[in-house]
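Here is a note for a colleague who is beginning to read structures residue by residue. Please keep the sequence and the 3D view open while going through the points.

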Amino acid sequence: MAGLWGGRFTKNTDDEVFAFNESLSFDHRLLDNDIEGSIAHVVMLEKQHIISLEEKDAIVKGLTGIKKDVESGALDFAGEYEDVHSFVEANLIKRIGDAGKKMHTGRSRNDQVALDMKLYVREQIVLIDELIKGLQESLLKHIEDGLDTYMPGFTHMQKAQPVTVAHHLGAYMEMFIRDRGRLTDIYKRMNFSPLGSGALAGTTYSLDREYVASMLGFEGATRNSMDSVSDRDYLIELLSALSTVMMHLSRFSEEIIIWNSNEYRFVEIDDAYSTGSSIMPQKKNPDIAELVRGKTGRVYGALISILTTMKGIPLAYNKDMQEDKEMTFDAIDTVKDCIKLFDGMLKTIKFNKEVMAVSAMKGFTNATDAADYLVKKGVPFRDAHGIIGRLVLYCIDKDKAIEECSIEELRDISDVFDTDVYDAISLKTCVDKRLTKGGPSPERMKECVTFYKEYLANSERLNQMLYKRS
């Protein structure tokens with residue numbers, strides 16, 4: 001098959017070359033975007049008197065018919081078509097004759113595919129943003145429920161200081177806020193139409209590129225035609241942002257996996273999001289969390305692949321750039337699936353409040369507060385640090401928490417201790433008194449909850465603004 005360039009060639013493309021070169025097997029998902037862009041293009045061609053009204057109407061009707069027939073199953077992607085663009089054009093010509101041959105006037109496949117990918121990616125950014133928002137809403141419910149649920153905070157995987165479930169989960173809320181901000185930034189930066197750039201140097205036809213851009217909901221047309229057809233920065237940015245989303249999900253998954261273990265028992269994963277063992281009947285495995293953690297590497301791979309592909313490509317378009325699609329499609333699908341499943345797992349997860357509180361006490365997370373107690377009694381901090389260190393050693397030997405020691409045991413370590421120490425080192429006091437901005441106190445976290453609710457309400461309007469049609 002000689003393809004769309006048959007006039008220049010005297011031989012058909014070798015079958016193996018065609019199979020290696022084709023992209024319809026994966027770029028067929030761009031069909032709706034290709035038809036949407038083509039309709040806008042021919043409407044503009046007619047407005048500019050480059051084609052007739054009758055030709056425009058015939059092309060639009062033909063394209064609409066192709067879309068409906070593919071959706072209904074009456075038309076499939078079988079046949080020797082190199083890509084989705086040639087599939088659409090060939091079927092259009094079959095249906096309406098010579099008028100279909102005018103659809104491509106004033107454009108190249110280079111700017112056509114650049115447009116299709118931008119239209120597709122733009123839609124996917126909105127869908128991913130909405131999925132993360134849904135995850136945030138699930139997270140917010142746990143934050144509200146966990147305002148008074150004490151747990152140990154960790155550094156170096158060692159119990160450090162007491163926090164609350166609300167405070168811990170609030171850290172992930174902040175991460176996802178930044179993730180959505182990155183997606184918004186990418187959307188705004190990429191939202192310029194490349195259509196009309198031609199192969200690389202524009203065209204002599206009197207195209208109205210701004211008109212097409214407006215029809216398709218872009219901020220405007222791109223400024224440089226060479227950049228327009230060879231730009232894949234927005235895909236690199238997207239895959240970087242998606243890699244960061246997956247990194248956050250992976251960290252969260254790792255904690256759920258740890259918390260779900262027999263040693264911690266901080267959480268109970270719902271049966272619907274767990275699996276068992278084929279040989280060990282007692283097992284309840286956190287497979288969804290593990291798969292999310294594992295699939296993070298898959299998204300990272302897509303980012304590294306496109307960076308490697310693009311690093312040596314001179315201007316303007318080169319066939320190497322066809323490699324941008326499969327990896328991007330796969331990364332987008334992976335991220336959407338991971339967010340959906342993680343959200344379902346999070347919605348149904350149960351926090352074992354008593355187990356978490358006991359873990360905080362037994363882990364000496366109030367040791368810093370005990371040292372502060374001594375400092376307030378006049379003991380130099382370095383001496384207080386040493387006293388509490390000896391007290392912890394004593395408690396480890398006796399297998400008890402600091403607050404489980406009698407006042408006599410405490411005074412054997414330091415006669416500065418008095419009965420008011422028990423209130424000073426209670427988990428409630430330790431948390432409540434951390435009133436600095438960003439701290440875990442209920443007062444500060446309630447302020448965060450108010451902010452998160454306002455943020456989620458306002459971001460609904462942001463999504464509507466992101467993807468609009470003029």
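1. Between which two helices is the loop where Glu-82 is found? Please bear in mind, here and throughout, that the model is predicted. Glu-82 is found in the loop between helix 4, which covers residues 53-72, and helix 5, which covers residues 84-96. Although Glu-82 sits in a loop, its relative accessibility is 8%, and because buried means under 20%, Glu-82 counts as buried. Its side chain makes a polar contact with the side chain of Arg-109, at 3.1 Å. For a sense of distance, the C-alpha atom of Glu-82 is separated by 32 Å from that of Cys-338, a residue 256 positions apart from Glu-82 along the chain.

2. Asn-110 should be looked at next; its place is in helix 6, which consists of residues 109-145. With a relative accessibility of 15%, Asn-110 counts as buried. The side chain of Asn-110 reaches the backbone oxygen of Ala-199, and the distance given for this pair is 3.1 Å.

3. The loop between strand 1 (150-155) and strand 2 (158-164) deserves a careful look, and His-156 has its place there. His-156 is not a glycine, yet it has a positive phi of about 55°. Met-157 lies in the loop between strand 1 and strand 2 as well, and Met-157, also not a glycine, has a positive phi of about 65°. Is His-156 buried or exposed? At 76% relative accessibility, His-156 counts as exposed.

4. How are helix 10 and helix 11 arranged with respect to each other? Helix 10 (residues 233-259) and helix 11 (residues 287-310) pack at an angle of about 160°, and their axes are 8 Å apart. Since angles over 145 degrees count as roughly antiparallel, helix 10 and helix 11 are therefore roughly antiparallel to each other. The contact of helix 10 with helix 11 has, by class, 18 nonpolar residues, five polar residues and four charged residues. As to handedness, helix 10 passes helix 11 in a left-handed crossing.

5. After helix 11, please follow the chain into the loop that leads to helix 12. Gly-312 has its place in this loop between helix 11 and helix 12, and with a relative accessible area of 59%, Gly-312 is exposed. Measuring from C-alpha to C-alpha, Gly-312 and Arg-182 are 27 Å apart in space, while in sequence they are 130 residues apart. Ala-316 is likewise placed in the loop between helix 11 and helix 12, the latter spanning 324-348. The peptide bond that joins Leu-315 and Ala-316 is cis, with an omega of about 5°.

6. How many disulfides does a search of the whole structure find? The search finds zero disulfides. Cys-395 is accordingly in no disulfide, and the nearest cysteine sulfur, that of Cys-405, is 3.5 Å away; because a disulfide needs the two sulfur atoms within 2.5 Å, this pair does not count as one. Cys-395 is buried, with a relative accessible area of 1%. Cys-430 is in no disulfide either, and the nearest cysteine sulfur to it, that of Cys-395, is 14 Å away. Cys-430, at 0% relative accessibility, counts as buried.

Notes. Residues numbered from 1 in each chain as written. Predicted model: local features only at pLDDT ≥ 70, side-chain atom pairs only at ≥ 80, totals over all residues. Heavy atoms only, no water. Axes fitted to C-alpha atoms, helices over the stretch in contact; angles between N-to-C directions. Helix = DSSP H or I, 4+ residues; strand = E, 2+ residues; numbered from the N terminus. Parallel < 35°, antiparallel > 145°, perpendicular 65-115°, else oblique. Left-handed = near helix turned anticlockwise from the far one by under 90°. Nonpolar A, V, L, I, M, F, W, Y, C, P; charged D, E, K, R; others polar. Buried < 20%, exposed > 50% of the residue type's maximum accessible area, 1.4 Å probe, protein only. Polar contact = N/O pair within 3.5 Å; in protein donor to acceptor, adjacent residues only side chain to side chain.
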